[in-house]
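Trainee: Please choose one part of this model and go through it slowly with me. I would also like to see how its residues connect with the rest of the chain.

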Amino acid sequence: MRALLAASCAALAVAALAVAPNAFAADAITAQYRTSASGATTDQAEPWFKLVNSGSTSVPLSDLKIRYYFKSDTPDVGYRFACSWAVRGCGNVTGQFGTLTGGPADRYLEVGFTSGAGTLNAGADSGDLQLRFYRTNWGPITQTDDYSFRNQSSYSAWNNITVHRGGTLLWGTPPGGSPPTTTTTTTTAPNPNGPKLFDDFAYNNSSDSRIGQRGWTVRSGGGGPGVPGAEWDASRITFPTVEGQKVMRLDSWNNGSAAKQTELYHQRKFFEGTYASRVKFSDAPVFGPDGDHVVQTFFTITPLDAPMAPNYGEIDFEYLPNGGWGEPANVMYETTWETYQNEPWVADNIHNEQRQSYNGWHDLVFQVANGRVKYYIDGNLVADHGDKYYPETPMSINFNLWFISGGLQGSSAERAYQQEVDYVYFAKDQVLSPAQVKTAVQDYRNAGVTHTDNV
């Protein structure tokens, strides 16, 4: 009953909104709200919703729209919408932006549903809608002047969010001003000619000036992960020709106590799209005794700003040829991270594993789209993660080869392990199959292209 009264008052306040027809008289839809981005400023707003039907009739979700009102940030470069997770499926949730004038908000996000979202039954709720939006330049968003923002970490009814059915306001109080003048979608069809990164690693050595010019960093110095006191040795990354093709070789060494590890990483600018690399893993050292717990990788990562920071992201392929982390032998992990803290250790992630050898060359692909992270090895889907583990922020692309702390076998003899990388590829905002990735890479090579980056 309270929802109907609120809807009626709001309809009187905004002349552009129609009076509810008799067909909707039994509708009583309440918008519940919370946020997982509570700061005064943020790199992306995260309004999460539930719709609650306290009326006596069922309502198709495709009939309903939710509006979240905010003030645009300067310069107004536009906004993009994303669904991190939804009980009804992110593929059934849409997001568009509209404009207002003359009131405390000049923009709004309008959330809608496809027919696949189903029906909101009487006495039921929609389940979580974990949504987010960000500026197209990833600039900061000021939330304290946003009409619909509230620093609320648990769901409760919030009448600064409005719910509409057709032209009828069912719940909430709009911010006033003129009625909506435009509604523009931010979800466009993937552009087959859109931004991409391709690198064939045709460099001379780790000091080649083109590496840094192209956004890569060859890591040096200390720091984790790995054996305490280990050095990240840039000189041990080389670019030999293998079977007629230039590759990047990571070569990591230890003598049972000291260790030299290797890592190459790109600048942080990659988010949704398709990532791919052809990687040669090795089960045994190239010289010296075997048995160390060594990790060979292809991954993306967002730096951890603080323990359990919600905007941390990490997507990993990690191959442990000698086991480790409780595994006795060969294991491949696909791990998607929500967040973590070091002291005391808390890991919030989801993973799959394959307990077998991956010695030799393998095609690795992961797709980040529509609230899901899907991992492929040699064309086969091996993991599908999403929900809260879906990344929220741009990441860097990384390759490293390192030794697990406490995982060196007892010998003091020198030994070294190698991992080789044929290429790396990223297609922004496109979901490409492993076969399509192979075709794209071959097209670059046929055209004599060894590097491109317009991401």
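Mentor: What follows begins with a pocket and then moves on to ring pairs, salt bridges and a hairpin.

The model is predicted, so local features are reported at pLDDT of at least 70 and side-chain atom pairs at pLDDT 80 or more, while totals for chains, interfaces and linings use all residues. Residues are numbered from 1 along each chain as its sequence is written, and side-chain values use heavy atoms, leaving out hydrogens and water.

The largest pocket has a volume of about 930 Å³. A pocket is found on a 1 Å grid over the protein atoms alone, as an open set of points where a 1.4 Å probe fits, with protein on both sides within 12 Å along at least five of seven lines. Its volume is the space filled by probe spheres set on the points, which are joined across faces, edges and corners. There are 31 lining residues, a lining residue being one with an atom within 4 Å of a point, and those closest to the centre are Pro225, Ile301, Tyr312, Glu314 and Tyr340. Sorted by type, the lining has 14 nonpolar, eleven polar and six charged residues; here Ala, Val, Leu, Ile, Met, Phe, Trp, Tyr, Cys and Pro count as nonpolar, Asp, Glu, Lys and Arg as charged, and the others, Gly among them, as polar. Strands that each supply at least two lining residues include strand 23, strand 25 (294-302), strand 26 (313-320) and strand 27 (331-341). A strand is a DSSP run of E with at least two residues, numbered from the N terminus.

Tyr340 leads us to the aromatic pairs, but it helps to begin with the whole set: the structure holds 39 of them. Rings of Phe, Tyr and Trp (its six-membered ring) pair if their centres lie within 6.5 Å, and planes under 30 degrees apart count as stacked, over 60 as edge-to-face and the rest as tilted. Tyr275 and Phe426 form a tilted pair, with 4.6 Å from centre to centre and 50° between the planes. This pair joins distant parts of the chain, since Tyr275 is in strand 24 (residues 273-281) and Phe426 in strand 33 (residues 415-428), 151 residues apart. Tyr275 counts as buried at 0% relative accessibility, and Phe426 is buried as well, at 1%. Buried means under 20% relative accessible area, exposed over 50%, and partly exposed in between, with a 1.4 Å probe and protein chains only. Tyr340 and Trp345 make another tilted pair, 5.5 Å from centre to centre and with 45° between the planes; Tyr340 is buried at 17%, whereas Trp345 counts as exposed at 51%. Tyr275 and Phe426 also belong to one aromatic cluster whose members include Phe201, Trp216 and Phe270.

Strand 23, which we met in the lining, also takes part in a contact between charged side chains. A search of the whole structure finds 22 salt bridges, each being a side-chain nitrogen of Lys or Arg within 4 Å of a carboxyl oxygen of Asp or Glu. One of them joins Glu263 and Arg219, whose closest N and O atoms are 2.8 Å apart. Because Glu263 lies in strand 23 (residues 259-266) and Arg219 in the loop between strand 17 (216-218) and strand 18 (231-232), the pair ties together parts that are 44 residues apart in sequence. Glu263 counts as buried at 5% relative accessibility, and Arg219 is buried at 17%.

For contrast, look at Asp384 and Arg372, which form a salt bridge with their closest N and O atoms 3.0 Å apart. Asp384 is in strand 31 (residues 380-386) and Arg372 in strand 30 (residues 372-377), twelve residues apart. Asp384 counts as partly exposed at 35%, as does Arg372 at 27%. These two strands run antiparallel and are joined by six bridges, where strands are said to pair if DSSP finds at least two bridges between them. Asp384 is also the bridge partner of Lys374. Strand 30 and strand 31 form a hairpin with two residues between them, and Asp378 in the turn has a positive phi of about 50°.

Technical notes:
Helices (H or I, at least four residues) and strands (E, at least two) are DSSP runs, numbered from the N terminus.
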